[in-house]
Each structure stands twice: as structure tokens, then as C-alpha cells.
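Good morning, and thank you for the time on today's agenda. I would like to take you through one structure, going from its charged pairs to its disulfide, its surface and its overall layout.

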Amino acid sequence: MNAPQPSSKRSASDLIAVLARWLLGGLFVYLGLTKALHPVEFLKLVRQYEMVGSPWLLNSIAAALPWFEVFCGLLLLAGVAVRGSALISLLMLAPFTLLILRRALALSAAKTIPFCAVAFDCGCGTGEVVACHKLVENCALIFLSAWLLTGRGRPLSLRFSLFQTA
């Protein structure tokens, strides 16, 4: 009995998954480095969300979060622990998206302007953003992270390239 030969061609969904993994990983590396290289500005932006009352905890979050994003991004780019990195990115994006929504709603009510006209620096590393656009972007990144949780994006990863059986 002949075993099925491994296909040398990648399917379209595999390539899309790899591109999604690289996009998410590259974005996390870029945005994490942007925050890490400007820690004081990032700390001020994190403080605006009023999530934490303790200065020690606030400083710890502002110091560690950017490097954690860079680490997860590098893992996604390399294809190491894809599902775990996608889970961590999902767990970072979901609450942050809710915080952006809460802050945008508060600014909309305080300034009595339409919700989609609210623009502020959310702390993501890209400067001032329009709330509606940022929420749509974050929802797309959450979708990509959840999609990678299914095990997609493994082709062209270090783990499966190095340990693939012939």
C-alpha cells in the first residue's frame, strides 16, 4: 500500500493563513517596538484608561506590555507556538478593544459629538485614530487571531518545517 505523497503545492487557504500570521506578527512587532521606544508617552496613554490605581502596577504594565507584544509578534513571524501566540494576541486585543470602545463612548458623551467623529490617541502606537476605524481594525485582528487558533498558519513555520516527516 502506498502512502499518499505530500503535496508540494500549498493550498490557497494555507498561503492566506501564513500571510495572516505574518501580518499579525509584523504588526505586533512594529507596534510593540513603537511603544517600547517611547515608554513615557505610552505610560501617559495607559494612565488615561484608568484601569489600575496602583502606580507600581501601572508602571509594570507600561514597561512589560510592549515587549510582550514584540515577543508574541516574533513567535508569529517565525511560526513557533502559532496557536498559543494567537491566543495571547486575542487575549490582549479583546479587552483593549473594549477599553477603546468605553473611552470613545465617554469622549462622545463629554464632547457631544457623534461616536464615529471621536478621535484620540488610543495608545496603540499609531498616534491619533478615529474610534470607529480603530474598532473595525481591532475586530479584524481579533478575527485573524481566532482564525489562527484553529491551527491554520502552520505552513512555512519553523516547527513544522524542521520536524516534518519525509
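Let me begin with a definition: a residue is called buried when its relative accessible area is under 20%, exposed when that area is over 50%, and partly exposed in between. Lysine 134 has a relative accessibility of 4%, and it therefore counts as buried. Please keep in mind throughout that this is a predicted model.

What does lysine 134 pair with in a salt bridge? The partner is glutamate 137, and the closest nitrogen and oxygen atoms are 3.0 Å apart. Both residues belong to helix H5, which covers residues 131-148, and their spacing of three residues is about one turn of the helix. Glutamate 137 has a relative accessible area of 34%, so this residue is partly exposed, whereas lysine 134 is buried.

In total, the structure contains two salt bridges. The other joins the side chains of glutamate 69 and lysine 35, with a nitrogen-to-oxygen distance of 2.8 Å. Here the pair links distant parts of the chain, since glutamate 69 sits in helix H3 and lysine 35 in helix H1, 34 residues apart. Glutamate 69 and lysine 35 are both buried. As a general remark, side chains of opposite charge can pair when their charged atoms come close.

I turn now to the cysteines. How many disulfides does a search of the whole structure find? The search finds one, formed by cysteine 116 and cysteine 132, with 1.9 Å between their sulfur atoms. Cysteine 116 lies in the loop between helix H4 (82-111) and strand S1 (119-121), while cysteine 132 lies in helix H5, so the disulfide ties together parts that are 16 residues apart in sequence. The link is left-handed, with -80 degrees about the S-S bond. Cysteine 132 is buried, because its relative accessibility is 15%. Two further cysteines deserve mention: cysteine 124 is buried because its relative accessible area is 3%, and cysteine 139, at 45%, is therefore partly exposed.

Next, the surface. Leu19, Trp22, Leu74 and Leu77 make a nonpolar surface patch of about 370 Å². Helix H1 (12-36) and helix H3 (55-78) are the elements that each give two or more residues to this patch. Tryptophan 22 is found in helix H1, and its relative accessibility of 35% is why it counts as partly exposed. For the protein as a whole, the exposed area is about 10,000 Å², of which carbon and sulfur atoms supply 69%.

As to the overall layout, the protein has six helices and two strands, arranged along the sequence in the pattern α-α-α-α-β-β-α-α. Of its 166 residues, 36% are buried. Among contacts between residues at least 6 apart in sequence, 70% join residues at least 24 apart.

Finally, a word on confidence. The mean pLDDT of the protein is 85, and 85% of the residues reach 70 or more. Among the elements, helix H5 has the highest mean pLDDT, at 93, and helix H6 (residues 158-162) the lowest, at 55. Over residues 1-6 the pLDDT is below 50, and this stretch has zero contacts in the model beyond near neighbours in sequence.

That concludes the presentation, and I welcome discussion.

Technical notes: Residues numbered from 1 in each chain as written. Predicted model: local features only at pLDDT ≥ 70, side-chain atom pairs only at ≥ 80, totals over all residues. Heavy atoms only, no water. Patch = residues over 30% accessible without salt bridge, like charges linked within 9 Å, V, L, I, M, F, W, Y side chains within 5 Å. Areas by Shrake-Rupley, 256 points an atom, 1.4 Å probe, with all protein chains shown as cover. Salt bridge = Lys/Arg side-chain N within 4 Å of Asp/Glu carboxyl O. Helix = DSSP H or I, 4+ residues; strand = E, 2+ residues; numbered from the N terminus. Buried < 20%, exposed > 50% of the residue type's maximum accessible area, 1.4 Å probe, protein only. pLDDT = per-residue confidence, 0-100. Contact = heavy atoms within 4.5 Å. Disulfide = S-S within 2.5 Å.
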